[in-house]
Amino acid sequence: MDAFRTLMGGARFDKKRFNQDVQVFEPKKPVASTSTSLPSELDFFGTDQPAADEAVDRATAKKNRKRKRAEDAAAAAEAAGIDYPALLRQHRIKLTGLEPPNPVASFAELTSSHNCPQLIADNWSKMGMKAPTGIQMASWGIMLEKRDVLACAPTGSGKTLSFILPLLVLNPPNTTASAAIRPTSIIIEPTRELAMQVLRETSKLGAGGGWNIKVLGEDERAAKSGEPKKRKGRKGKRTKKPKTERKDKKAGSDDDEESESEEEVEEKEKPEEQEDEPVGEKEAAAEPSTPTDILITTPLRLIYAIKAGTVDPTNVRHLILDEADKLFELNFVEQTDEIIAACTHPDLRKGMFSATMPSSVEEMAKSVMSGGGIGAIRAIVGHKDAATETIKQSLQFVGTEDHKLLSLRTLIGEGKFTPPVLIFVQSIQRAKELSTELLFDGINADAIHAERTPEERDEVVRGFAEGKIWCLISTDVMGRGVDFKGVKLVINYDFPQSPGSYIHRIGRTGRAGKEGRAITFFTKADAVHLKSIVNVMRASGCDVPQWMVDLKPPTQDEKKKLRMKPIARKDISRTNGAGNGDKADRKRVKRDRVMGGKSAFKAKKVKVDKEVKMDE
Ligand SMILES: Nc1ncnc2c1ncn2[C@@H]1O[C@H](COP(=O)(O)OP(=O)(O)OP(=O)(O)O)[C@@H](O)[C@H]1O
């Protein structure tokens with residue numbers, strides 16, 4: 001009929017009247033390939049090719065499978081009284097891929113239909129959880145059907161439990177001891193803080209079930225904690241790094257005391273990644289070899305341990321990449337690839353989770369997923385490039401760099417500074433300077449960044465969670481994943497380097513359905529990038545003035561430039577960088593205050609909500 005359509009373009013053809021003619025042009029059903037098949041050189045239209053037969057067979061099989069799935073789903077839904085399409089709509093879940101499994105509608109369904117041990121259900125209740133969130137329903141459905149999943153859901157929507165639960169349900173405790181750590185599941189996190197946080201959640205959900213869950217290298221660290229602390233900072237001696245890490249340095253992503261002599265470049269401009277101390281070969285070799293079920297780790301540590309032979313990844317059935325888009329960025333991707341390649345078990349399933357998933361990263365992620373033979377399932381909850389809707393977002397013009405501190409003080413003075421507050425800056429030096437300034441103002445502030453030892457970082461995080469520190473100043477190192485439940489306000493003191501970074505940073509508030517606020521300062525220099533943030537705000541349902549909607553978006557080049565390097569900014573400190581925020585400096589500031597140094601804003605102006613206790 002194609003020939004007819006082409007010839008008769010625009011005219012109407014009476015098919016009934018000329019039915020016999022139509023039959024002549026109707027394509028013939030392909031004949032099954034036999035020994036009498038046409039030689040390929042004579043088969044001009046390709047109708048006699050086995051490939052064509054296979055394609056038809058595949059298409060028919062696909063149609064049949066689709067029909068069967070629809071029938072099965074309808075039957076299951078009828079039996080359970082669940083309207084799955086309505087459930088998906090209600091939770092704004094979009095599933096794509098071949099035969100996407102139904103979401104798990106309730107915890108009761110998990111125990112009745114998915115062999116979820118009662119112990120997990122009890123622990124779930126003990127954790128204070130009731131109904132699963134949208135991403136949990138979707139991810140449980142997919143992972144329990146042993147399919148690969150690529151999931152994108154808002155910050156604070158419970159992605160952690162969405163991948164932990166299936167790991168526990170599908171993998172009973174491992175009892176076979178081996179020389180090396182031989183886990184059944186590996187969870188990769190971009191920072192040690194996140195690894196520790198996931199350990200806490202996993203241990204709570206699996207409590208009493210006999211699973212051995214650990215963060216790689218932490219037993220070793222704990223054993224060493226009695227020893228005198230030796231600070232492994234920039235000037236410290238480092239263990240020889242694997243090839244991948246040395247390559248990363250060229251991309252300008254890691255601390256490297258030798259490569260750049262001056263801290264200005266390192267501390268002000270380099271993004272803070274790969275800050276975690278890797279476990280050296282010696283350290284890794286000291287890992288005990290008890291049977292391990294779930295191993296949580298940062299990429300570098302794992303690569304060291306695999307190379308040292310202390311971790312054997314060949315038995316891994318579930319590999320989870322949390323904050324997956326980060327793990328596919330330039331400075332991590334090689335390590336991520338290496339880890340995926342090392343997990344060689346034929347039944348390996350993969351799960352990738354994040355609140356942001358740029359299309360380019362999604363493509364890369366998809367290319368490494370097989371999905372149980374019939375492809376991975378993509379699960380999107382809500383709008384892909386939006387922030388959590390419970391966050392009230394605003395942008396505040398502060399003119400120039402000089403006015404930022406004043407704007408912050410005005411917020412404090414107006415009582416809009418409602419602790420616990422998280423403030424993001426773009427470099428270690430700026431974090432130190434701002435914390436010194438706020439201390440000087442009588443605000444109980446502290447800074448967290450890659451230059452602090454893991455022990456110091458733990459202490460600061462604990463202090464913030466316990467309400468001892470009201471205001472935590474951080475580089476992007478705490479911008480992702482960290483679950484401080486009670487944070488009421490996030491301030492982007494320095495404009496974020498990408499919309500993704502913005503979504504993750506502000507996502508430290510408004511978690512688990514709670515309300516939060518986010519204020520982003522911008523100077524004239526940042527204005528060119530404003531539209532990117534305006535787009536996120538609009539996608540998350542925030543009102544923005546029309547003039548912001550009408551702004552010109554930054555060019556691809558401008559976006560890339562900012563992603564690679566933050567905008568150069570004037571020092572924050574009144575001491576013009578003389579204060580470095582170290583212990584002695586902080587002591588000096590405190591002493592100055594006691595001796596009459598004037599606090600611009602009295603601490604009493606800052607109301608601390610004592611009711612708010614944050615999760616550790
Ligand atoms: N079903 C649930 N009901 C209530 N609270 C939940 C539920 N599931 C998880 N939570 C809580 O919600 C909070 C956020 O969860 P989680 O840290 O997993 O979010 P996330 O989606 O991974 O966020 P991010 O993208 O920032 O990493 C946690 O404190 C968690 O305990």
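**Entry 1. The sheet**

I looked up the strand order in this predicted model. The sheet is open and holds 8 strands in the order 1-8-2-7-6-3-5-4, and the pairing is mixed. I then asked which strands stand at the edges. They are strand 1 (93–96) and strand 4 (213–215); each has a single partner strand, so one side of each is left without a neighbour in the sheet. From one strand to the next, I find an average twist of 15 degrees.

**Entry 2. One strand pair**

I examined strand 2 (residues 149–152) together with strand 7 (residues 349–354). Their pairing is parallel and runs over 4 bridges. For the register I noted that V149 has G351 of strand 7 opposite it.

**Entry 3. Helix 9 on the sheet**

I next asked which strands helix 9 touches. The helix packs on the sheet and touches strand 3 (185–188), strand 4, strand 5 (294–297) and strand 6 (318–322). Between the directions of helix 9 and strand 4 I record an angle of about 170 degrees. Strand 4 is thus listed twice in my notes, as an edge strand and as one of the strands that helix 9 touches.

**Entry 4. Helix 8 against helix 9**

I checked the axes of helix 8 (residues 159–170) and helix 9 (residues 192–205). They come within 10 Å and cross at roughly 50 degrees. That angle makes helix 8 oblique to helix 9. I recorded the handedness of this crossing as right-handed. From helix 8, the residues T160, L161, I164, L165 and L168 take part in the contact; from helix 9, V198, E201, T202 and L205 meet them. Sorted by class, this contact has 6 nonpolar, 2 polar and 1 charged residues.

**Entry 5. The ligand shell**

I listed the surroundings of the ligand and asked which element gives the most residues to the shell. Helix 8 does, with 3 residues. The ligand has 20 residues around it, of which T155, G158, K159, T160 and A512 come nearest. T160 is therefore of double interest to me, since this residue is among the nearest to the ligand and also belongs to the helix 8 contact with helix 9. By class, the shell divides into 6 nonpolar, 9 polar and 5 charged residues.

**Entry 6. Backbone exceptions**

I looked for unusual backbone geometry and noted two places. The peptide bond from P419 to P420 is cis, with omega near -5 degrees. P420 is placed in the loop between helix 18 (404–413) and strand 10 (421–424). E323 is not a glycine, yet has a positive phi of about 55 degrees. I located E323 in the loop between strand 6 and helix 15 (324–327).

How values were computed. Residues numbered from 1 in each chain as written. Predicted model: local features only at pLDDT ≥ 70, side-chain atom pairs only at ≥ 80, totals over all residues. Axes fitted to C-alpha atoms, helices over the stretch in contact; angles between N-to-C directions. Helix = DSSP H or I, 4+ residues; strand = E, 2+ residues; numbered from the N terminus. Parallel < 35°, antiparallel > 145°, perpendicular 65-115°, else oblique. Left-handed = near helix turned anticlockwise from the far one by under 90°. Contact = placed C-beta atoms within 7 Å. Nonpolar A, V, L, I, M, F, W, Y, C, P; charged D, E, K, R; others polar. Pairing = 2+ DSSP bridges. Near = placed C-beta within 6 Å.
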